[in-house]
Protein chains: 2
Amino acid sequence: MMQVKFQLDEKDMPRQWYNLAADLPNPPLPPLGPDGKPVRPEMLEPVFPKSLIEQEVSTKRWIDIPEEVLQMLALWRPSPLYRALRLEKALGTPARIYYKNEGVSPAGSHKPNTAIPQAWYNKQAGMTSLCTETGAGQWGSALAFACALVGLQCKVFMVRISFNQKPYRRLMMETWGATCVASPSNTTNAGRQVLAKDPECPGSLGIAISEAVEAAVSDPSGKTRYSLGSVLNHVMLHQTVIGQEAKKQLAMAGEKKVDVIIGCAGGGSNFAGLSFPFVADKINGAKIDIIPVEPASCPSLTRGPFAYDHGDVAGMTPLLAMYSLGHTFMPAPIHAGGLRYHGMSPLVSQAVVEGLMAPRSYPQLKCYEAAVLWARTEGFIPAPETSHAIAAAIDEAKKAKEEGKEKVILFNWSGHGLMDLVGYQKYFAGQLEDHELSDAELAEGIAVMKNYPKPAVRKTGKW
Amino acid sequence: MMQVKFQLDEKDMPRQWYNLAADLPNPPLPPLGPDGKPVRPEMLEPVFPKSLIEQEVSTKRWIDIPEEVLQMLALWRPSPLYRALRLEKALGTPARIYYKNEGVSPAGSHKPNTAIPQAWYNKQAGMTSLCTETGAGQWGSALAFACALVGLQCKVFMVRISFNQKPYRRLMMETWGATCVASPSNTTNAGRQVLAKDPECPGSLGIAISEAVEAAVSDPSGKTRYSLGSVLNHVMLHQTVIGQEAKKQLAMAGEKKVDVIIGCAGGGSNFAGLSFPFVADKINGAKIDIIPVEPASCPSLTRGPFAYDHGDVAGMTPLLAMYSLGHTFMPAPIHAGGLRYHGMSPLVSQAVVEGLMAPRSYPQLKCYEAAVLWARTEGFIPAPETSHAIAAAIDEAKKAKEEGKEKVILFNWSGHGLMDLVGYQKYFAGQLEDHELSDAELAEGIAVMKNYPKPAVRKTGKW
């Protein structure tokens, strides 16, 4: 019998998070405030607890994971590393395809890896409540789960179109005791302003972020904070347990090197979680292709400029140095809701600027085709976001076949698709379309950034 | 850090299934045909392949698991054994509560443990297609998954009320390439007869079984067989990997004995899978309370007679010696659809007759209360069926607290509830009711069996 999964003991869980900022030749540029000057950490305190702000700005390479956080992560971590033997056979590839199964968490994706520590640090800081936004619902349900375990109230602003289309995600949040409202809502100024202009507005992640930040900072008790599920440095940090575990598990599988690392990328967190520990190896000389995969309809890394832009529609967040399609950009309604974000993690963005990563974009029909092949060979039904990574892994495996090379391919299976089956239904019914961003849409989107400061493009030219 | 889960390596997977029929002081009575005589194995060949019929009637203690079946089971097995540390703390109990997490399979429950071997044996026998029925959809999706892996067509008759209420389950089946039709359907005589009397009939498991058996035996190619997800001896057999793994994992956790074994019981398969290897210990002198938990609205073990009855509504199956509420009994529409079955596995039934098990029944509101406490402490959202086992584990833990005893409680967490969130929604909205079976309903149900042969009640009187 061929071994199909490689499982670490709990005692072998990573005890520290890995901070790529310590190793990037040029760490990410600082966020800027409304005055165009770098934001000082204390300015963020109405929004985040100090401990998380410290992580956000830290350049320490290793940051200890608190014991109580580890104990909660152990509910599903270390996640198994799988070898996709049955897919390899179906493709007839000489490549060995491995995937890290992050769908085993209670919320069904990698998101709880950061939801748990964020909730815990907020609880430690004396907070009683967290506000956040969610698109397709992966993040909102992860934070609801984490708040249930830690003992915090949780309010989630869910993009209205998903709120209506994905009632099961809302029910997950409610089962864990959270409150979930459709965004734009009439409970915030940001929401009311949008509704005044367009009462039927389907919402967007950018709007929901504005609402959640406002709800957090305007709570008179002062004991509510905001929580973000991607983009920020401390979120990438918390996800690096994925890549650290994967390294140990590849060694268990007898692999001495890995050739290709793949993850889907919306805000960047699952991709960063798997890839950053390997980026460190690449900086130190290892030869690895590191591939973030984004949707062709929302291609920040492959078509957006590297620029300073807000993280939200209302412009409440500081300006971040990142690849962006413009913070008012409204992505096409693809089913991979978690990839419908205009920007990209500043850490991932800086690594791309450096040439450490080779982003690519895929249309959604190609991804659904890959997802169905996956489900019928490997069994687990993937989330639409995850299908982008699968499609790239298949392409790389086919390339290895053409080249006759025994490549080792590792990708992040970021979550299951059991809450997203309506997308499959539409795919089978021929009701899904591809949405490639037009040049005109791109130009319109990025115009919003034209008067913002321009970030320095710093690259060593080594990769 | 306290260890929360105990994980076996793939190489430690059980290589044989355990057959309780070899150890029961009185093995189950044979099924009877229309003439009242025991059914000969060859009479079942239009319905099942020979290999499975051999397992059905076998009294061999150990039966080898084929290597190719093991390779597919390894996609999610061995399943983790968890210690419910956070629930223990919430209850303040001295008991140590362990649970076997069968929700990690691609279909989300224990059902693929038998779907995979059933599909494989049918493929080996030259079949091209399988037909089955499903209630809430756990079994239908498990068989769809197994057929995708093995390479068989799959047709599922899904009880109409669930077909309409649980579209996600149907979408799972379709994603794996299966066909799913609402039952009663107009594609079979059995279905047409029911529809002629009641065009709005919401369907039942018994009707769907009749349709699936008819569809299988009437396929002119002769290459279609029927597959059942519970009740039969070979199904119980395939599930015994659960209990065998659990024994090794309890040893890893340092436990020298177990005091209480719990599982929810509809047709009996998840309960049997966990408990049968421990029943063997009990037969050999170990002191263990073994508790099947059924819904108060469908209490075959706790209120039904031990009798000969059909497994389906149309009376197409042989008569089985089992606890039954009558094969025309229509259970109340509780959300635990997998527990809405009039009968019970003959092997489980005979063990209950012997006094080896102590069945109990619970109303559904108590079970939802337990499920919500579970989700908010242990994180994973349970299926409504599973919540019956959780409620019993909580009761046993409270009893241990009253008695001041450090009991070891083990239960089967048979599946996750991510496809069943509408039940939670109704629970939170106060829209769910308890349905205790009235004496009149019971009398009406069991009347259908009054002219059938009566099984001998054989008990050693030892337990």
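How many bridges join strand 10 of chain B to strand 15 of chain B, and do these strands run parallel or antiparallel? Keep that in mind while we get our bearings; the stop comes up shortly.

**Getting started**

What you have open is a predicted model. Its scores are ipTM 0.96 and pTM 0.97. Colour chain A by confidence: its mean pLDDT is 96, and 100% of its residues reach 70 or more.

**Stop 1: the sheet of chain B**

Select the strands of chain B and look for an open sheet of seven, ordered 1-4-5-15-10-11-14, in which the pairing is mixed. At its edges are strand 1 and strand 14 (360-362) of chain B; each has a single partner strand, so one side of each has no neighbour in the sheet.

Now for the opening question. Select residues 260-264 (strand 10) and 408-413 (strand 15) of chain B: three bridges join them, and the two strands run parallel. To see one partnership up close, show I262(B), whose bridge partner in strand 15 of chain B is F411(B).

**Stop 2: the sheet of chain A**

Move to chain A, where seven strands make an open sheet in the order 1-4-5-15-10-11-14, again with mixed pairing. Strand 1 (5-6) and strand 14 (360-362) of chain A are the edge strands, each pairing on one side only.

Zoom in on strand 1 of chain A and select residues 81-83, which make up strand 4 of chain A: two bridges link this antiparallel pair. Display F6(A) here, and you will find L81(A) of strand 4 opposite.

**Stop 3: where the chains meet**

Next, select the residues of each chain that contact the other: 52 come from chain B and 52 from chain A. Together the chains bury about 4500 Å², with carbon and sulfur atoms giving 60% of that area. On the chain B side, highlight M1(B), Y168(B) and T175(B), which lose the most area to chain A and together account for 18% of what that side buries.

Polar contacts are worth switching on as well: 24 residue pairs across the interface qualify, with both residues at pLDDT 80 or more. Several helices of chain B each supply at least two residues to the side that touches chain A, including helix 2 (67-73), helix 5 (138-150) and helix 15 (364-378). Helix 7 of chain B gives the largest share of that side, six residues. If you colour this side of chain B by residue class, you will see 31 nonpolar, eleven polar and ten charged residues.

**Stop 4: two salt bridges between the chains**

How many salt bridges are there between chain B and chain A? The count is two. For one, show the side chains of K5(A) and E10(B), which meet at 3.4 Å, N to O. For another, show K5(B) and E10(A), whose closest N and O atoms are 3.4 Å apart. K5(B) sits in strand 1 (residues 5-6) of chain B and E10(A) in the loop between strand 1 and strand 2 (16-18) of chain A, so this pair joins two chains. Over all chains, the salt bridges come to 44.

**Stop 5: backbone details**

Most residues other than glycine have a negative phi, and most peptide bonds are trans. With that in mind, select S183(A) and P184(A): a cis peptide bond joins them, with omega about 5 degrees. P184(A) lies in the loop between strand 8 (179-183) and helix 8 (189-197) of chain A. In chain B, S183(B) and P184(B) are likewise joined by a cis peptide bond, with omega about 5 degrees.

Finish at V231(A), a residue other than glycine whose phi is positive, near 70 degrees. Look for V231(A) in the loop between strand 9 (224-226) and helix 10 (233-239) of chain A.

Notes:
Residues numbered from 1 in each chain as written. Chains lettered and ligands numbered in written order. Heavy atoms only, no water. Pairing = 2+ DSSP bridges. Helix = DSSP H or I, 4+ residues; strand = E, 2+ residues; numbered from the N terminus. Contact = heavy atoms within 4.5 Å. Buried area = accessible area lost by both parts, 1.4 Å probe. Salt bridge = Lys/Arg side-chain N within 4 Å of Asp/Glu carboxyl O. Polar contact = N/O pair within 3.5 Å; in protein donor to acceptor, adjacent residues only side chain to side chain. Nonpolar A, V, L, I, M, F, W, Y, C, P; charged D, E, K, R; others polar. pLDDT = per-residue confidence, 0-100.
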